[in-house]
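Hello,

Here is the structure I promised to pass on. Please open it next to this email; my notes follow below.

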Amino acid sequence: MPSAIEQIVDTYVRLKNRRGLEELMMHRQRLAVDLKGRSGYDFSLPIRQIEEEIATIEAGLGALRSAISAAA
């Protein structure tokens, strides 16, 4: 069963919503930067999860680029 982020990315790709994907990416990147700047707790697990989500979003952006260039 796909994760929530995979379902969201797939929907954005199907709708060809590049802006939505880019905004999702920026949000996740800000979260990662914020968590990496914190101390006093081990944030490695949420950071790893966010980095995996960023990779999923990047793959979606790549799929969207491929779909757009194939249609052109």
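In which hand does H1 pass H3? The crossing is right-handed. Keep in mind that this is a predicted model.

**Overall layout**

The protein chain holds three helices and zero strands. Read from the N terminus, the order is α-α-α. The C-alpha trace spans about 50 × 25 × 15 Å along its principal axes. The chain has 72 residues, and 26% of them count as buried. Take the contacts between residues at least 6 apart in sequence: 62% of these join residues at least 24 apart.

**H1 against H3**

Back to the first pair. The axes of H1 and H3 come within 9 Å of each other. They cross at roughly 20°. Angles under 35 degrees count as roughly parallel, so H1 and H3 are roughly parallel to each other. On the H1 side, the contact is made by Ile5, Glu6, Val9 and Val13. H3 brings Glu53, Thr56, Ile57, Gly60, Ala63 and Leu64. By class, the residues of this H1 and H3 contact are six nonpolar, two polar and two charged.

**H2 against H3**

How do the axes of H2 and H3 cross, and at what angle? They come within 9 Å and cross at roughly 160°. The cut-off for roughly antiparallel is over 145 degrees, so H2 is roughly antiparallel to H3. H2 passes H3 in a left-handed crossing. The list of contributors from H2 includes Arg18, Leu21, Met25, Arg28 and Leu35. From H3, the contact residues include Ile47, Ile50, Ile54, Ile57, Leu61 and Arg65. The contact of H2 with H3 has 13 nonpolar, two polar and eight charged residues.

**The core**

Which residues have the most contacts inside the largest nonpolar core? They are Val9, Leu21 and Ile57. This core has 15 residues. Helix H1 (4-14), helix H2 (18-36) and helix H3 (44-71) each supply at least two of them. H3 gives the most, with six residues.

Leu21 is worth selecting in your viewer. Leaving aside residues up to four places away in sequence, Leu21 touches Val9, Tyr12, Val13, Ile57, Gly60, Leu61 and Leu64. Two of the names in that list, Val9 and Ile57, are also among the residues with the most contacts inside the core.

Val13 lies in helix H1. With the same neighbours in sequence left out, up to four places away, Val13 touches Leu21, Gly60, Ala63 and Leu64. Val13 also belongs to the H1 side of the contact with H3. What separates the C-alpha atoms of Val13 and Leu35? The two residues are 22 apart along the chain, and their C-alpha atoms are separated by 28 Å.

**One backbone point**

Lys16 is found in the loop between H1 and H2. Its phi is near 55°, a positive value in a residue other than glycine. Is Lys16 buried or exposed? The cut-off for exposed is over 50% relative accessible area. Lys16 has 52% relative accessibility, so Lys16 counts as exposed.

**In short**

H1 is roughly parallel to H3, while H2 is roughly antiparallel to H3. The H1 crossing with H3 is right-handed, and the H2 crossing with H3 is left-handed. All three helices, H1, H2 and H3, supply residues to the largest nonpolar core.

Best wishes

Key: Residues are numbered from 1 along each chain as its sequence is written. This is a predicted model: local features need pLDDT of at least 70, side-chain atom pairs count only at pLDDT 80 or more; totals for chains, interfaces and linings use all residues. Side-chain values use heavy atoms; hydrogens and water are left out. A nonpolar core is a set of buried Ala, Val, Leu, Ile, Met, Phe, Trp, Tyr and Cys residues joined through side-chain atoms within 4.5 Å. Buried means under 20% relative accessible area, exposed over 50%, partly exposed in between (1.4 Å probe, protein chains only). Helices (H or I, at least four residues) and strands (E, at least two) are DSSP runs, numbered from the N terminus. Contact means heavy atoms within 4.5 Å. Axes are lines fitted to C-alpha atoms, for helices over the stretch in contact, and angles run from 0 to 180 degrees between N-to-C directions. Angles under 35 degrees count as roughly parallel, over 145 as roughly antiparallel, 65 to 115 as roughly perpendicular and the rest as oblique. A crossing is left-handed if the near helix is turned anticlockwise from the far one by less than a right angle, and right-handed if clockwise. Ala, Val, Leu, Ile, Met, Phe, Trp, Tyr, Cys and Pro count as nonpolar, Asp, Glu, Lys and Arg as charged, and the others, Gly among them, as polar.
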